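This report looks at how one chain is held together. It starts from the core and works outward.

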Amino acid sequence: QAQLVESGGGLVQAGGSLRLSCAASGLTFSYYTMGWFRQAPGKEREFVAAISSSGGTTDYADSVKGRFTISRDNAKNTVYLQMNSLKPEDTTVYYCAARIGTYLSGSSHTRRDLYKYWGQGTQVTVSS
């Protein structure tokens, strides 16, 4: 049974940083593209960042480009999201997700319906 477990969320002041981690088990991690999504109450879950199976290619939503960095350690079956220059509008629940496949192709990696496994989410709160 595949499982994704996020950690690292919390409360931070605007301009601060957090690093989210997502530990995967029960799947061959290096076969999966990994993504981070976020969902505010009453809103759809939105794409934040994705990374190819090797870690060689990344993509970001425009709203976080230049502030967030996604990375992965295949030896540790873990994907990370380094979040810098946090803003109050970044406040929400963050989810990691796994999608079978090697590459980031077109825009399919931004589609939440194409990810097979999801974590339970971790809350990030940015105070102004």
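A nonpolar core here is a set of buried Ala, Val, Leu, Ile, Met, Phe, Trp, Tyr and Cys residues joined through side-chain atoms within 4.5 Å. The model discussed below is predicted.

**The core**

The largest such core has 35 residues. Met34, Trp36, Leu81, Met83 and Tyr94 have the most contacts inside it. Seven strands are named as giving two or more residues to this core: S3 (18–25), S4 (32–39), S5 (46–51), S7 (68–73), S8 (78–83), S9 (92–100) and S11 (122–127). The most comes from S5, with 5 residues.

Met83 shows what such a position touches. Beyond its neighbours within four places in sequence, Met83 contacts Gly16, Ser17, Leu18, Leu20, Arg67, Phe68, Tyr94 and Val124. Among these partners, Tyr94 is also one of the core residues with the most contacts.

**Strand S9 and its partners**

How much of S9 is buried? Of its 9 residues, 8 are buried, and the strand is mostly covered. S9 pairs with S4, S10 and S11, as the table sets out.

| Strand pair | Sense | Bridges | A bridge pair |
|---|---|---|---|
| S4 and S9 | antiparallel | 8 bridges | Met34 and Ala98 |
| S9 and S11 | antiparallel | 3 bridges | Val93 and Gln123 |
| S9 and S10 | antiparallel | 2 bridges | Ala97 and Trp118 |

Met34 thus appears twice: it is among the core residues with the most contacts, and its bridge partner in S9 is Ala98.

**The disulfide**

S9 also carries one end of a covalent link. The count comes to 1 disulfide. Cys22 is joined to Cys96, with an S to S distance of 1.9 Å. The link is right-handed, with 45° about the S-S bond. Cys22 lies in strand S3 and Cys96 in strand S9, so the pair ties together parts that are 74 residues apart in sequence. Are these two cysteines, Cys22 and Cys96, buried or exposed? Both are buried.

**Aromatic pairs and a cluster**

There are 5 aromatic pairs. One of them joins Tyr32 and Tyr117. The rings are 6.1 Å apart, centre to centre, with 55° between the planes, and the pair is tilted. Tyr32 belongs to strand S4 and Tyr117 to strand S10 (residues 117–118), so this pair ties together parts 85 residues apart in sequence. The two rings differ in cover. Tyr32 is buried because its relative accessible area, 10%, falls under the 20% cut-off. Tyr117, at 22%, is partly exposed.

Phe37, Phe47, Tyr115 and Trp118 form one aromatic cluster. Trp118 is also the bridge partner of Ala97, across from S9.

**Charges over rings**

Trp118 has a further neighbour. Arg45 lies over the face of Trp118, 4.9 Å from the ring centre. Phe29 is covered in a similar way: the charged end of Arg72 sits over its ring, 4.3 Å from the centre.

**A loop position**

Which loop holds Gly55? The residue lies between S5 and strand S6 (58–60). Gly55 counts as partly exposed, at 29% relative accessibility. Tyr103 is 48 residues away from Gly55 in sequence, while the C-alpha to C-alpha distance between the two is 9.4 Å.

**Pulling it together**

S9 recurs throughout. The strand gives two or more residues to the largest core, pairs with S4 over 8 bridges, and holds Cys96 of the disulfide. Trp118 recurs too, in the aromatic cluster and under Arg45.

Conventions: Residues are numbered from 1 along each chain as its sequence is written. This is a predicted model: local features need pLDDT of at least 70, side-chain atom pairs count only at pLDDT 80 or more; totals for chains, interfaces and linings use all residues. Side-chain values use heavy atoms; hydrogens and water are left out. Buried means under 20% relative accessible area, exposed over 50%, partly exposed in between (1.4 Å probe, protein chains only). Helices (H or I, at least four residues) and strands (E, at least two) are DSSP runs, numbered from the N terminus. Contact means heavy atoms within 4.5 Å. Rings of Phe, Tyr and Trp (its six-membered ring) pair if their centres lie within 6.5 Å; planes under 30 degrees apart count as stacked, over 60 as edge-to-face and the rest as tilted. A charge sits over a ring if NZ of Lys or CZ of Arg is within 6 Å of the ring centre and within 35 degrees of the ring normal. Two strands pair if DSSP finds at least two bridges between them. A disulfide is a pair of cysteine sulfur atoms within 2.5 Å.
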